Amino acid sequence: MSLRRTKSIEDSIADSLEKGHSLKRTLGTWDLMIMGVAVAVGAGIFSVGAKAAGSFAGPSVTLAFLLAAFTCALAIMCYAEFASAVPVAGSAYTFTYATLGELLAWIIGWDLILEMLTAAAVIAKYWGIYLSTVFDLAGWNIPATITVIGLDVSWGAFVIVAIFTALLVLGTQLSARVASVFTIIKVAIVVFVIIVGAFFINTANYTPFIPAEVARAGGEGDVWMQSLFSFMTGAAPAQYGLFGLLAGASLVFFAFIGFDVVATSAEEVKNPQKTLPRGIFAGLAIVTVLYLGVSLVLTGMVPYTVLADDPNASLATAFVAVGAGWAAQVISIGILVGLTTVIMVLLLGLSRVLFAMSRDGLLPRWLSVTSEKRRTPARIQIISGTAVALIAGLTDVGVLEEMINIGTLSAFVLVSIAVVVLRKKRPDLPRAFKVPFSPVLPILSAVLCVWLMLNLTTLTWARFGVWLAVGFLVYFAYGRRHSVLGIKQRAAAAEAARVEAGAATKPVD
């Protein structure tokens, strides 16, 4: 069946060498590690933990981070095995194409576009907002928006997206070097904040570590804001307790997205079989330590109820509450620096997924043409940057935040399953890294990711359904007919039929 046709590993690797449609291998272990830290450590490290602690988990938000990190680690092991065996661009899309078939590959590629497009737009929007905050701290009254032909435009989002789009067009290694500088600065700020906050910890604030469950405001009538799990089981939305902890893990999982983006750069990595696993795992380890440190300091400085009372709670809320308001200024600068590199890596990942899908013919092939000198996909990079800038600059992106999580988790589920499939289909394939205890750990990874997805709101699932419906329309209207693999298979079938017909009509001596 054409919907289940798979692209061989050998064909994927051969396509990565196609002249005019190939990328240059320039990245090392350090670059990948920095890339992972760069995309994961952003505004979330200062805000998402406070929201999860105040609204869902209380002090047990630390366990929520551990659960999210464990889930991410399982999925990343699956990515690492695939990336070491199939070191080409496209990440989960490419891996799914080689195992589960073209239709599922299209769906996961479409989901990755959703994840990275919305994430880049959301982060770019917030970057512009925090830039204005930093200006205010310096005493400069520069608004976050300007009016252009009657439209309120977030000019900061346009500026930062334009800068990193240009850098990525000029070369991935140049962008990685710039990201390294910003990433080192923001990690230093995070460490500074953790050390200072530790002096204000009151261990009494850690009790009760898992607060007793209480009914959540909104009740059963708040259907769209319920988790899908609550909606399906008929349970009223709840805060705290065990299910609050699990809901908190679903929320803070946002803090770990991006490591799948690192895998999209596989085709630009030197010695990818060894470099990719090392870089990805080193980055994940650093990020996990930083998040645990921030969450422990946050919930130790103030009671979780203080965070619950503030709808815009962040790490700055805790510092203000203990009389260290000056730290809010440092945090604002840290957020601005942190968001900068997140935008760059997301723009890179978005363009690489689109590049892989275009090279396979599921999107127009002319998009995947690379420049002769720098061998970067300049066309797709510019189009991606323009789309992100328009969404960030002209729309209210806040409603898109949970869409990022569901796009990431759906990709994690399929990659986890695909690892098991590839082990059975191609046991002979060289793998520099293997997920231990397979198929147990890959299956556990898929189950945990599905559970986290079920804890997202019904509204998020409804929007996700609309996005998938649009994706199916695009695939059946264009992708299926223009697929390079499909064209090759149809040509081969036609040639076989011609040969068979010729043999049947050949006179017998």
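This briefing walks through a few local features of the structure above, from helix packing to backbone geometry. Please keep in mind that the model is predicted. Helices α7 and α8 pack against each other, a nonpolar patch lies on the surface, and the count of salt bridges comes to seven. Two cis peptide bonds are also covered, one from Thr 207 to Pro 208 and one joining Ser 438 and Pro 439.

**Packing of α7 and α8**

- Helix α7 spans residues 155–170 and helix α8 spans residues 172–198; their axes are 5 Å apart and meet at an angle of about 130°.
- Because of that angle, α7 is oblique to α8.
- On the α7 side, the contact is made by Phe 164, Leu 167, Leu 168 and Leu 170.
- On the α8 side, Thr 172, Leu 174, Ser 175 and Val 178 take part.
- Sorted by character, the residues of this contact are six nonpolar and two polar, with no charged ones.

**A nonpolar patch on the surface**

- Ile 146, Val 148, Ile 149, Leu 151, Leu 390 and Leu 394 make up the patch, and together they have about 550 Å² of accessible area.
- Two elements give two or more residues to the patch: β1 (145–148) and α16 (378–394).
- Leu 390, for one, is found in helix α16.

**Links between distant parts of the chain**

- One salt bridge pairs Glu 102 with Arg 5, and their closest N and O atoms are 2.7 Å apart.
- Glu 102 belongs to helix α6 (residues 102–137), while Arg 5 sits in the segment before α1 (9–15), so to speak a link across 97 residues of sequence.
- Leu 100 lies in the loop between α5 (92–97) and α6.
- Where does Leu 100 find contacts, leaving aside its neighbours within four places in sequence? Its partners are Thr 6, Leu 414, Ala 418 and Val 421.
- Leu 100 and Ile 417 are 317 residues apart in sequence, yet their C-alpha atoms are 8.9 Å apart in space.

**Backbone geometry worth a look**

- As background, most peptide bonds are trans, and most residues other than glycine have a negative phi.
- The peptide bond from Thr 207 to Pro 208 is cis, with omega near -5°.
- Pro 208 has its place in the loop between α8 and β3 (214–215).
- The bond between Ser 438 and Pro 439 is cis too, and its omega is about 10°.
- Pro 439 is placed in the loop between α17 (401–425) and α18 (440–454).
- Phe 437 is found in the loop between α17 and α18, and this residue has a positive phi of about 55° although it is not a glycine.

Definitions and conventions. Residues are numbered from 1 along each chain as its sequence is written. This is a predicted model: local features need pLDDT of at least 70, side-chain atom pairs count only at pLDDT 80 or more; totals for chains, interfaces and linings use all residues. Side-chain values use heavy atoms; hydrogens and water are left out. Axes are lines fitted to C-alpha atoms, for helices over the stretch in contact, and angles run from 0 to 180 degrees between N-to-C directions. Helices (H or I, at least four residues) and strands (E, at least two) are DSSP runs, numbered from the N terminus. Angles under 35 degrees count as roughly parallel, over 145 as roughly antiparallel, 65 to 115 as roughly perpendicular and the rest as oblique. Contact means heavy atoms within 4.5 Å. Ala, Val, Leu, Ile, Met, Phe, Trp, Tyr, Cys and Pro count as nonpolar, Asp, Glu, Lys and Arg as charged, and the others, Gly among them, as polar. Patches are made of residues with over 30% relative accessible area and no salt bridge: like charges are joined within 9 Å, nonpolar side chains (Val, Leu, Ile, Met, Phe, Trp, Tyr) within 5 Å. Accessible areas come from the Shrake-Rupley method with a 1.4 Å probe; for residues, only the protein chains shown count as cover. A salt bridge is a side-chain nitrogen of Lys or Arg within 4 Å of a carboxyl oxygen of Asp or Glu.
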